[in-house]
Amino acid sequence: MLWKLLLRSQSCRLCSFKKMQSPPKYRPFLACFTYTTDRQSSKENTRTVEKLYKFPVDIRKIRRLKGWVLLEDKTYVEEIASILQELGADETAVASILERCPEAIVCSPTAVNTQRKLWQLVCKNEEELIKLIEQFPESFFTIKDQENQKLNVQFFQELELKNVVISRLLTTASNVFHNPVEKNKQMVRILQESYLDVGGSEANMKVWLLKLLSQNPFILLNSPAAIKETLEFLQEQGFTSFEILQLLSKLKGFLFQLCPRSIQNSISFSKNVFKCTDHDLKQLVLKCPALLYYSVPVLEDRMQGLLREGISIAQIRETPMVLELTPQIVQYRIRKLNSLGYRIKDGHLANLNGSKKEFEANFGKIQAKKVRPLFNPVAPLNVEE
């Protein structure tokens, strides 16, 4: 009986303690989040939301991505959708574009039509244009400096850059087109002069420049002073004009994106690792410009990856281009070669080197040698009956 009385007493105390507890001062995080969302929804432009639902657009995605567009008083949902449909986009494509680039609905139809005409300067037809917009909606709907963009497109066409290249630059390097056209013209003149100053010919300069702009258009965002500084630094390091020309031919404009300090650090690292003279190091750099281009941490990581695979410093020095490969690519290729019984650490690194296409071609040749039959399988066998 006593233990029952004690248990009842403890239960009563517990109940009274719960009653004394004050309610929580703060609401749970989820409740606050719901309240914020509801409050935002109440401020949204209902006409905009209703028009978006018609296509149908997932409003939740827009709220997460750029909810501010739903709060705007003036939007152009139907007008922008109509322009996209005129170009050949169906409802699904329109919805996808607006979900990924909600700010499109606050662009004026007049400005969008101007942008459309601008991009059509480098697109074969409307089908090609709408494909670009579907892939890169933000680039298309970043509407500013349209007259300047047009002048830059015309300038690149005058340089004889192909329209397919210009369209790619519009989508992936749009900042270049927002540069004042005079600034881009000045940078092109500096690049041309630099190429000629180190011994390049007029005939080769055009090909070099077009490749440079197609592969690395961001060079135009550099300053003339930075280009001059890089060339002077390489000359101070003992590179001749002809050797600098070789580097320019291999690295294109990437060379001008390097600052003297990073080049110096990479040179010092390579010299210390390979234990070589200044002359020998220059030869290595000319063989593999990546020794200049990659930072010390990247070079160190790639060097360690090769050493872990049993490859020696001497082998790397003989074929430095292998440093252009990431450790993951090196591991994959070594495993493939090992599957054929080819021990890379005992041989030359040439079979490990090269682009994906070159490696696969070499691998195929090695594989063919391994499985080549010793007899002609088509020839009839002399079997006594």
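How many of the 385 residues in the chain are buried, as a percentage? In this predicted model, buried residues make up 40% of the 385 residues. The chain is built with 23 helices and zero strands, and the points below look at its overall make-up, its salt bridges, two pairs of packed helices and two residues that lie in loops.

**The chain as a whole**

- Among the contacts in the chain with a separation of 6 or more, 72% are between residues that stand 24 or more positions apart.
- The accessible surface of the chain comes to about 22,800 Å², and carbon and sulfur atoms account for 55% of that surface.

**Salt bridges**

- Side chains of opposite charge can pair when their charged atoms come close.
- The structure holds 14 salt bridges, and three of them are described here, beginning with the bridge between Glu-103 and Lys-66, whose closest N and O atoms are 2.8 Å apart.
- This pair links distant parts of the chain, since Glu-103 sits in the loop between α6 (91-100) and α7 (109-120) while Lys-66 belongs to helix α4 (residues 59-66), with their positions 37 residues apart in sequence.
- Glu-103 counts as buried because its relative accessible area is 16%, which falls under the 20% cut-off.
- Glu-86 forms a salt bridge with Arg-116, and here the closest N and O atoms are 3.0 Å apart.
- Because Glu-86 lies in helix α5 (residues 77-86) and Arg-116 lies in helix α7, the pair ties together parts of the chain that are 30 residues apart in sequence.
- The two partners fall into separate classes of accessibility, for Glu-86 is partly exposed at 48% relative accessibility, whereas Arg-116 is buried at 13%.
- Glu-127 forms a salt bridge with Lys-131, with the closest N and O atoms 3.8 Å apart.
- Both Glu-127 and Lys-131 lie in helix α8 (residues 126-135), where they are four residues apart, or about one turn of the helix.
- Lys-131 has a relative accessible area of 49% and is therefore partly exposed.
- Salt bridges that share partners also join Lys-66, Glu-103 and Glu-138 into one network.

**Helices α17 and α18**

- Two packed helices are described by the angle between their axes and the distance between the axes.
- The axes of helix α17 (residues 260-274) and helix α18 (residues 278-287) come within 10 Å and cross at roughly 110 degrees, so α17 is roughly perpendicular to α18.
- The crossing of α17 and α18 is right-handed.
- Where these two helices meet, α17 contributes Ile-267, Ser-270, Lys-271 and Phe-274, and α18 contributes Asp-278, Leu-281 and Leu-284.
- Which residues of α18 are buried? The buried residues of α18 are Leu-281, Lys-282, Leu-284, Val-285 and Leu-286, and these pack against α16 (241-251), α17, α19 (290-293) and α21 (313-318).

**Helices α5 and α6**

- The axes of α5 and α6 come within 10 Å and cross at roughly 130 degrees, which means that α5 is oblique to α6.
- The crossing in which α5 passes α6 is right-handed.
- On the α5 side the residues that meet α6 are Ile-80, Ala-81, Leu-84 and Gln-85, and on the α6 side their partners are Glu-91, Val-94, Ile-97 and Leu-98.

**Two residues in loops**

- Val-69 lies in the loop between α4 and α5, and Val-69 is buried, with a relative accessible area of 0%.
- Once its neighbours within four places in sequence are left aside, Val-69 is in contact with Ile-62, Thr-75, Pro-102, Glu-103, Ile-105 and Val-106.
- Val-69 and Glu-44 are 25 residues apart in sequence, and their C-alpha atoms are 8.7 Å apart in space.
- Leu-221 is found in the loop between α14 (202-215) and α15 (224-236), and Leu-221 is partly exposed, with a relative accessible area of 37%.
- Leaving aside the neighbours within four places in sequence, the contacts of Leu-221 are with Asn-175, Val-176, Asn-179 and Lys-183.
- Leu-221 and Asn-175 stand 46 residues apart in sequence, while the distance between them in space is 8.2 Å from C-alpha to C-alpha.

How values were computed: Residues numbered from 1 in each chain as written. Predicted model: local features only at pLDDT ≥ 70, side-chain atom pairs only at ≥ 80, totals over all residues. Heavy atoms only, no water. Buried < 20%, exposed > 50% of the residue type's maximum accessible area, 1.4 Å probe, protein only. Contact = heavy atoms within 4.5 Å. Areas by Shrake-Rupley, 256 points an atom, 1.4 Å probe, with all protein chains shown as cover. Salt bridge = Lys/Arg side-chain N within 4 Å of Asp/Glu carboxyl O. Axes fitted to C-alpha atoms, helices over the stretch in contact; angles between N-to-C directions. Parallel < 35°, antiparallel > 145°, perpendicular 65-115°, else oblique. Left-handed = near helix turned anticlockwise from the far one by under 90°.
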